[in-house]
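Thanks for coming. I will go through one structure for those who have not seen it before, starting with its cysteines.

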Amino acid sequence: MSDFMPDIQFVTPGGRDPGRLGRIVLVLLWLTVCLAPVAFAIGDLELATGRAGTPGTLRVASCEALGQGRYDCQGIFTPDSGGSAVAVDASPDSEAGDVTRARLTPEGDRAVPAGTKGVLAALTLPAVGFGGLGFLPYVIMYWAGARRGRRAAVAGGCLVTAAGAALTVIGMVAAYS
């Protein structure tokens, strides 16, 4: 790979700055990428916390391997209200035979784990975005030319990124256990 290094053109040759407009665009893109997971997780969080959906029990009937570590799982959802059982898509991290507390989506096509396990699993994606926001304050301070407080911004960025990574791992462990 080092043989090709002289031929690579870097994005900012000569260390040029992206300029004021470029900085604004980069910060907005950074915010979009880090906050979008929160918006995408709202539906699953509402289900996991009990604010939406029908409570009941999910029994995973089958899981078919799709290749490359991906699975398609089907299950039977039985509502707590005593209604008829419904065939649904189950979480791909399920195993055939699993029985768990779940909530049926308002559309009635899938069931997601409820309770602590469901909440932690639903928080996995927003945690990635939260961790990604860690060093944004430092970057803004650097571009603004602020000298005071940059060390604190780096320390804070490390803490926020570590917290996001920890919550991501906790959510994934909860989802797959």
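A disulfide here is a pair of cysteine sulfur atoms within 2.5 Å. By that rule, a search of the whole structure gives 1 disulfide. Please keep in mind that this is a predicted model.

Which cysteines does the disulfide join? They are Cys 63 and Cys 73, with the two sulfurs 2.2 Å apart. Cys 63 is in strand β1 and Cys 73 is in strand β2, so the bond ties together parts that lie 10 residues apart in sequence. The torsion about the S-S bond is about 115°, so this disulfide is right-handed. As for burial, Cys 73 is buried, at 1% relative accessible area, whereas Cys 63 is partly exposed, at 28%.

What about Cys 34 and Cys 158? Why is there no bond between them? The sulfur of Cys 34 has its closest cysteine sulfur in Cys 158, and that is 15 Å away, too far for a bond. Going the other way, the closest cysteine sulfur to Cys 158 is the one in Cys 34. Cys 34 is buried, with a relative accessible area of 6%, and Cys 158 is partly exposed, with 43%.

Next, the core. Cys 73 appears again here, as one of the 9 residues of the largest nonpolar core. The other members are Leu 58, Val 60, Phe 77, Val 88, Ala 90, Ala 102, Leu 104 and Ala 111. Strands β1, β2, β3 and β4 each give two or more residues to this core. As background, nonpolar side chains in soluble globular proteins tend to be buried together.

Now the strands themselves. β1, residues 54–67, pairs with β4, residues 99–104, in the antiparallel sense, through 6 bridges. Within β4, Arg 101 stands opposite Thr 57. β4 also runs antiparallel to β5, residues 111–113, and 3 bridges join these two. One core residue, Ala 102, has Pro 113 in β5 as its bridge partner. β4 and β5 make a hairpin with 6 residues between them. In the turn, Gly 108 has a positive phi of about 80°.

On to charged pairs. How many salt bridges does the structure hold? There are 2. In one, Arg 101 meets Asp 80, and their closest N and O atoms are 2.7 Å apart. This pair links distant parts of the chain: Arg 101 is in strand β4 and Asp 80 is in the loop between β2 and β3, 21 residues apart. Arg 101 is partly exposed, with a relative accessible area of 43%, and Asp 80 is partly exposed at 44%.

The other salt bridge is between the side chains of Asp 44 and Arg 110, at 2.9 Å from N to O. This pair also links distant parts of the chain, 66 residues apart: Asp 44 belongs to helix α1, and Arg 110 to the loop between β4 and β5. Asp 44 counts as partly exposed at 29% relative accessibility. Arg 110 counts as partly exposed too, at 32%.

That brings us to the helix and the surface. Leu 21, Val 25, Leu 26 and Leu 29 make a nonpolar surface patch of about 380 Å². Val 25 has its place in helix α1, residues 19–49. Is Val 25 buried, exposed or partly exposed? At 40% relative accessibility, Val 25 counts as partly exposed, because the partly exposed class lies between under 20% for buried and over 50% for exposed.

I will stop there.

Definitions and conventions
Residues are numbered from 1 along each chain as its sequence is written. This is a predicted model: local features need pLDDT of at least 70, side-chain atom pairs count only at pLDDT 80 or more; totals for chains, interfaces and linings use all residues. Side-chain values use heavy atoms; hydrogens and water are left out. Two strands pair if DSSP finds at least two bridges between them. Helices (H or I, at least four residues) and strands (E, at least two) are DSSP runs, numbered from the N terminus. Patches are made of residues with over 30% relative accessible area and no salt bridge: like charges are joined within 9 Å, nonpolar side chains (Val, Leu, Ile, Met, Phe, Trp, Tyr) within 5 Å. Accessible areas come from the Shrake-Rupley method with a 1.4 Å probe; for residues, only the protein chains shown count as cover. A salt bridge is a side-chain nitrogen of Lys or Arg within 4 Å of a carboxyl oxygen of Asp or Glu. Buried means under 20% relative accessible area, exposed over 50%, partly exposed in between (1.4 Å probe, protein chains only). A nonpolar core is a set of buried Ala, Val, Leu, Ile, Met, Phe, Trp, Tyr and Cys residues joined through side-chain atoms within 4.5 Å.
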